[in-house]
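User: I have a model open on my screen and would like to learn how to read it, feature by feature. Could you walk me through it?
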Amino acid sequence: MRRTISALLVLAMTFTAGWGVAAADPAEPAPQPPAVENAAPATENPPALAAHPPLPLPAPTPAHAAIALLTLTTMPAGWQDRIDLRPVLEVYADGHAVRKPDAVAPERDRNTPPREVNGAVRREVIDAAIAELTALSTADLGVPAAGDGGSQIVDVMPEPPGQDLHVIVYAPDATDGLSAEQQSARKRFADVYRGLLDAFVADR
């Protein structure tokens, strides 16, 4: 009887162990949908769209310096109360120049800006004028004994700044009370002033 019971216990344990092993087996994978024919393989980084070639940009127009290298100003007698004083000539480092023929014309209304004429001055004339003005900046130009006779000024403003010159002659047409040396220096200044005005060539 015990052998029978023992045999039944062994058989039951064997059946139970077999069922546990079967329950532990992984389930079969679910069926996958059929692959589509001629499908392009997936890529991690899709190719970038072809970029359009950059459009050519027009070449920039060269700009003149903001400040004139040489500025010629005439202040006629009796113009102290006018605030519309303008240079008669502005010369830039590249030779470009602007002439204002009526800058000191007495008939020009003070509310009307002077007429501007674009042109050029040769480089050798500019260099010679700067050299002479540099020498005249330390010369004695004198102050005539006469009263208000106006003035003429030449400003030299190189870039970069640091060697600016401001040469001024008071009452340029007067000679009273001036030494021969002062008159000679004033004539040199007048030659530079007139030479720059005469060297101006208007654009065509």
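User: Which strands does helix α2 lie across, and at about how many degrees does α2 run to β6?

Analyst: First, the ground rules: this is a predicted model, in which local features need pLDDT of at least 70 and side-chain atom pairs count only at pLDDT 80 or more, while totals for chains, interfaces and linings use all residues. Residues are numbered from 1 along each chain as its sequence is written, and side-chain values use heavy atoms, with hydrogens and water left out. Helices (H or I, at least four residues) and strands (E, at least two) are DSSP runs, numbered from the N terminus. Contact means heavy atoms within 4.5 Å. Axes are lines fitted to C-alpha atoms, for helices over the stretch in contact, and angles run from 0 to 180 degrees between N-to-C directions. Here, α2 (residues 123-136) lies across β1 (70-75), β2 (89-91), β5 (151-156) and β6, and its angle to β6 is about 70 degrees.

User: In what order do the strands of the sheet come?

Analyst: Strands of a sheet pair through backbone hydrogen bonds, either parallel or antiparallel. Two strands count as paired if DSSP finds at least two bridges between them. In this model, seven strands form an open sheet in the order β6-β5-β1-β2-β3-β4-β7, with antiparallel pairing. At the edges are β6 (165-170) and β7 (201-202), each pairing on one side only. Along the chain from the N terminus, the elements run α-β-β-β-β-α-β-β-α-β, which gives three helices and seven strands.

User: How many bridges join β1 to β2 and to β5?

Analyst: β1 and β2 share three antiparallel bridges, and Leu70 has Val91 in β2 as its bridge partner. On β5, the antiparallel pairing with β1 covers six bridges, with Met75 opposite Ser151. You can follow β3 and β4 in a similar way: four antiparallel bridges link them, and Arg99 stands opposite Val117 in β4.

User: Is β1 mostly covered or mostly open?

Analyst: Buried means under 20% relative accessible area, exposed over 50%, and partly exposed in between (1.4 Å probe, protein chains only). β1 is mostly covered, with five of its six residues buried. For the whole protein of 204 residues, 28% count as buried.

User: Where are Asp84 and Asp109, and how many Å separate their C-alpha atoms?

Analyst: Sequence distance and spatial distance are separate readings, and this pair lets you practise both. Asp84 is in the loop between β1 and β2, and Asp109 is in the loop between β3 (96-99) and β4 (117-120). They are 25 residues apart along the chain, with 9.1 Å between their C-alpha atoms. Leaving out residues up to four places away in sequence, Asp84 touches Trp79, Arg108, Asp109 and Arg110, while Asp109 touches Arg82 and Asp84. Asp84 counts as buried because its relative accessible area is 4%; Asp109, at 42%, is partly exposed.

User: What makes the phi of Ala171 worth a look?

Analyst: Most residues other than glycine have a negative phi. Ala171 has a positive phi of about 45 degrees although it is not a glycine. You will find Ala171 in the loop between β6 and α3, and it counts as buried because its relative accessibility is 6%.

User: How many aromatic pairs does the structure hold?

Analyst: Rings of Phe, Tyr and Trp (its six-membered ring) pair if their centres lie within 6.5 Å; planes under 30 degrees apart count as stacked, over 60 as edge-to-face and the rest as tilted. The structure holds one such pair. The ring centres of Phe189 and Tyr193 are 6.0 Å apart and their planes stand at 35 degrees, so this pair is tilted. Phe189 and Tyr193 are four residues apart in α3 (residues 180-199), so about one helical turn separates them. Both are buried.

User: And which element gives the most residues to the lining of the largest pocket?

Analyst: That is α3, with four residues. Among the lining residues are Thr74, Arg99, Gln152 and Tyr193. On a 1 Å grid over the protein atoms alone, a pocket is an open set of points where a 1.4 Å probe fits, with protein on both sides within 12 Å along at least five of seven lines; lining residues have an atom within 4 Å of a point.
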